[in-house]
Protein chains: 2
Amino acid sequence: MQTITDNRLKTQLLEKTKFANLFSTDIVPDTELLMFQSGEYIVQNGITPQYLFYLVKGKTKLYDELANGKIALIDFFMAPCFIGEMELFDAGRLPFGVQTINDCYCLALPVKKLKSTLLSDATFLKNICLYLADKNARNIKTASRNQGFTLAQRLAAFILMTNHDNYYQEKHTQVAQYLGVSYRHLLYVIADFVSSGYLTKTEKGYFVALPSALKELGKEAFSE
Amino acid sequence: MQTITDNRLKTQLLEKTKFANLFSTDIVPDTELLMFQSGEYIVQNGITPQYLFYLVKGKTKLYDELANGKIALIDFFMAPCFIGEMELFDAGRLPFGVQTINDCYCLALPVKKLKSTLLSDATFLKNICLYLADKNARNIKTASRNQGFTLAQRLAAFILMTNHDNYYQEKHTQVAQYLGVSYRHLLYVIADFVSSGYLTKTEKGYFVALPSALKELGKEAFSE
DNA sequence: CCTCAAGTATGAGATTTCTCATACATAGTG
DNA sequence: CACTATGTATGAGAAATCTCATACTTGAGG
């Protein structure tokens, strides 16, 4: 982690994201700009963060680490979004880990100083409620999908959702965690898609050769 | 659903749950007392509710219905707790179904009339944030547990958590949904526990004969 | 008393998914 | 350059879980 002192960049990001509009008090003077390199943790599993973060650039993922050493990838967070807001309300809570996927910039508010101000700011609280409700609904959907559909169905939906110009290029290791299956099994199903002609392997990633077939397979997991 | 006009009961419940303390304005005059019979839906899947509910007596369960007809039991709600709060913030959201398990009493606030008041009430918003954060953490834990552990492990933890005086008496159909497995498979694992001597079948339910063995099995799923 | 819905129970066979092992490629690092 | 970590890839066998079928029981309602 690195504090960015370049005020021009900070000002620019503040304006672009309209960060100040999320609050009814003036939090700009207390706002710091932080940078996290790819792979760094913004919030470490089990350690209460000192800041409330607002991710303005970059992509992160939220983990839950289980007692048996397994890791469940719960959700992806893309800018703009809050990070560390759950810990603001319940200091006793042990937070889930949030790791960056690429270089990330965060506007950050020191909790110690601003906690009481934030907790009585209706504008801010309303925004957080909205955000939490949305996150919750997404989590529930993901979880029940993971339970109710086979990997082939979920993967088909996932490929359709994440491909760019008909090329699917996600990292298998990460996807396996997100879809809640073993790496081995994911590869097995991908190989199946290839041998069925749904996907074609190229240097640029997997080419979605039969989107209609994937749509048919994944439509139920997708629509929900 | 049934509106209870017995003001004595309403007053008693209001006092017992300190409902008024959750708000900074006086919502008592607008509060209705509603009763739902066992099995009724407080919120129907996909239909935006007209009230913000506060469950004061009874036990409910939250469902997600998937496109393939399967049902995922996401969470149980026990009094006291809010119901329908997610829809308050995002009217466009399609709510998850909430069904009562036994007879339930709810204090209810009409959304249409009070929405704007509630959304600018910092005390109320703070309470909702706390509640949402907690619910979210619980959902994440449940979901990753369902993914990361076998049914035997989860069931062991579940039995230890839900038994009364060493008797386990939950309905298998419900538990299968909650633990995210087929009824058949649940029965299979229970039969296994019985033949291993962990449980003994009696007229009063299953007797937990070897809690230590269950503890050993479920400790990882439990601790998380 | 009959009937229907819901819960309980068990068998057989198929599918999904996991674990472990092993091999190779690639990128970053001292 | 050698070393290491990470991602990719594939095989073999086992475990977990599912679907479908079938029966019996029990409680609620007509």
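How far from a phosphate oxygen of DNA strand C does a polar side-chain atom of B:Tyr206 lie? The distance is 3.0 Å, which fits the cut-off for a polar contact with the strand (a pair of N or O atoms within 3.5 Å). Keep in mind that this is a predicted model, where local features need pLDDT of at least 70, side-chain atom pairs count only at pLDDT 80 or more, and totals for chains, interfaces and linings use all residues. Residues are numbered from 1 along each chain as its sequence is written, chains are lettered from A in the order in which they are written, and side-chain values use heavy atoms, with hydrogens and water left out.

**Two copies**
- Turn chain A by 180°, shift it 0.0 Å along the axis, and it lands on chain B with an RMSD of 0.0 Å (a least-squares fit on C-alpha atoms of residues with pLDDT of at least 70 in both).
- The copies are therefore related as by a two-fold rotation axis.
- Both copies use the same surface, since 100% of chain A's contact residues (heavy atoms within 4.5 Å) recur in chain B.
- In chain A, A:Ala122 comes closest to the axis, with its C-alpha at 2.4 Å.

**Around the DNA**
- There are 17 residues around DNA strand C (a heavy atom within 4 Å), and among the nearest are A:Ser182 and B:Lys201.
- Sugar and phosphate make up 52% of the strand C atoms that come within 4 Å of the protein.

**Phosphate contacts**
- A:His185 has a polar side-chain atom 3.0 Å from a phosphate oxygen of strand C.
- B:Thr173 uses a backbone N or O atom instead, 3.5 Å from a phosphate oxygen of strand C.

Notes
A polar contact is a pair of N or O atoms within 3.5 Å; within protein, one must be able to donate a hydrogen and the other to accept it, and residues adjacent in sequence count only if both atoms are side-chain atoms.
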